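Please look through the structure shown below with the sequence beside it, and keep both in view while working through the exercises. Each exercise gives a task, and a worked solution follows step by step.

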Amino acid sequence: MPNLKQIRDFYLAAYLITAGLKLISSERVDGGTLFSFIDDSRTQSAISDYYSMSTTVEPISYSGAIKSLKSIVHSNDITTKSESQENNYNVKQYRGSNRV
């Protein structure tokens with residue numbers, strides 16, 4: 001298995017996706033989300049470009065990556081909450097047309 005680069009910076013993760021790097025996994029850790037990418041020279045170069053502000057991206061693609069990551073983060077929130085809390089939903093079920 002290749003080494004993974006774990007990133008907490010949400011917008012960096014969105015940039016890496018926009019730059020064509022594949023998000024390997026995400027997990028909820030200490031109230032934040034860790035995003036994992038393959039740790040290779042391409043990833044390191046993209047991170048360096050991002051922090052040195054020497055890169056450009058297509059705005060629509062970057063916006064799409066942000067939206068996708070938000071969906072991932074929020075689905076992790078729902079999964080984490082449902083695993084750690086009991087479901088207290090009250091559901092009324094109806095049979096046939098006799099509604100009470």
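The exercises below go from the overall fold to single residues, and the model they rest on is a predicted one.

**Exercise 1. The overall layout**

Task: State how many helices and strands the protein has, and in what pattern they follow along the sequence.

Solution: Begin by counting the elements, which come to 3 helices and 3 strands. Next, read along the sequence, where the pattern is β-α-β-β-α-α. Then turn to the contacts between residues at least 6 apart in sequence, of which 69% join residues at least 24 apart. Finally, consider the surface: the accessible surface comes to about 7,500 Å², with 49% of it belonging to carbon and sulfur atoms, while buried residues make up 24% of the 100 residues in the protein.

**Exercise 2. Helix α1 and its ends**

Task: Find which residue caps the N-terminal end of α1, and which residues of the helix are buried.

Solution: Start at the N-terminal end of α1, which is capped by D9, since a side-chain oxygen of this residue lies 3.0 Å from the backbone nitrogen of Y11. Move on to the helix, residues 10–18, in which F10, L12, A13, A14, Y15 and L16 are buried. Last, look just after α1, where G20 takes a positive phi of about 100°.

**Exercise 3. Aromatic rings**

Task: Decide whether the ring pair of F10 and Y11 is stacked or edge-to-face, and say whether each of the two residues is buried or partly exposed.

Solution: A search of the whole structure finds 4 aromatic pairs. In one of them, the rings of F10 and Y11 have centres 5.1 Å apart and planes at 85°; planes over 60 degrees apart count as edge-to-face, so this pair is edge-to-face. For the cover of each residue, F10 has 17% relative accessibility and therefore counts as buried, whereas Y11, at 41%, counts as partly exposed. The same reasoning serves for Y50 and Y51, whose ring centres are 5.1 Å apart and whose planes stand at 80°, so that pair is edge-to-face too. To finish, note that ring pairs link F10 and Y11 with F35 into a cluster.

**Exercise 4. A residue in strand β3**

Task: Determine whether S36 is buried or exposed, and which residues it touches beyond its sequence neighbours.

Solution: First place S36, which is in strand β3. Its relative accessible area is 1%, and because buried means under 20%, S36 is buried. Then list its contacts, leaving aside residues up to four places away in sequence: S36 touches L4, K5, Q6, K22, L23, I24 and S25.

**Exercise 5. A nonpolar patch and a loop residue**

Task: Name the residues that make the nonpolar surface patch, and work out where D40 lies and what its side chain reaches.

Solution: The patch, of about 200 Å², is made by L4, I24 and I38. Of these residues, I24 has its place in strand β2, residues 23–29, and is partly exposed, with a relative accessible area of 36%. Now turn to D40, which sits in the loop between β3 (32–38) and α2 (41–51) and is partly exposed at 34% relative accessible area. The side chain of D40 reaches the backbone nitrogen of R42 at 3.3 Å. As a last step, relate D40 to L4 of the patch: the two are 36 residues apart in sequence, and their C-alpha atoms are 8.4 Å apart in space.

Terms used: Residues are numbered from 1 along each chain as its sequence is written. This is a predicted model: local features need pLDDT of at least 70, side-chain atom pairs count only at pLDDT 80 or more; totals for chains, interfaces and linings use all residues. Side-chain values use heavy atoms; hydrogens and water are left out. Rings of Phe, Tyr and Trp (its six-membered ring) pair if their centres lie within 6.5 Å; planes under 30 degrees apart count as stacked, over 60 as edge-to-face and the rest as tilted. Buried means under 20% relative accessible area, exposed over 50%, partly exposed in between (1.4 Å probe, protein chains only). Helices (H or I, at least four residues) and strands (E, at least two) are DSSP runs, numbered from the N terminus. A polar contact is a pair of N or O atoms within 3.5 Å; within protein, one must be able to donate a hydrogen and the other to accept it, and residues adjacent in sequence count only if both atoms are side-chain atoms. Patches are made of residues with over 30% relative accessible area and no salt bridge: like charges are joined within 9 Å, nonpolar side chains (Val, Leu, Ile, Met, Phe, Trp, Tyr) within 5 Å. Accessible areas come from the Shrake-Rupley method with a 1.4 Å probe; for residues, only the protein chains shown count as cover. A salt bridge is a side-chain nitrogen of Lys or Arg within 4 Å of a carboxyl oxygen of Asp or Glu. Contact means heavy atoms within 4.5 Å.
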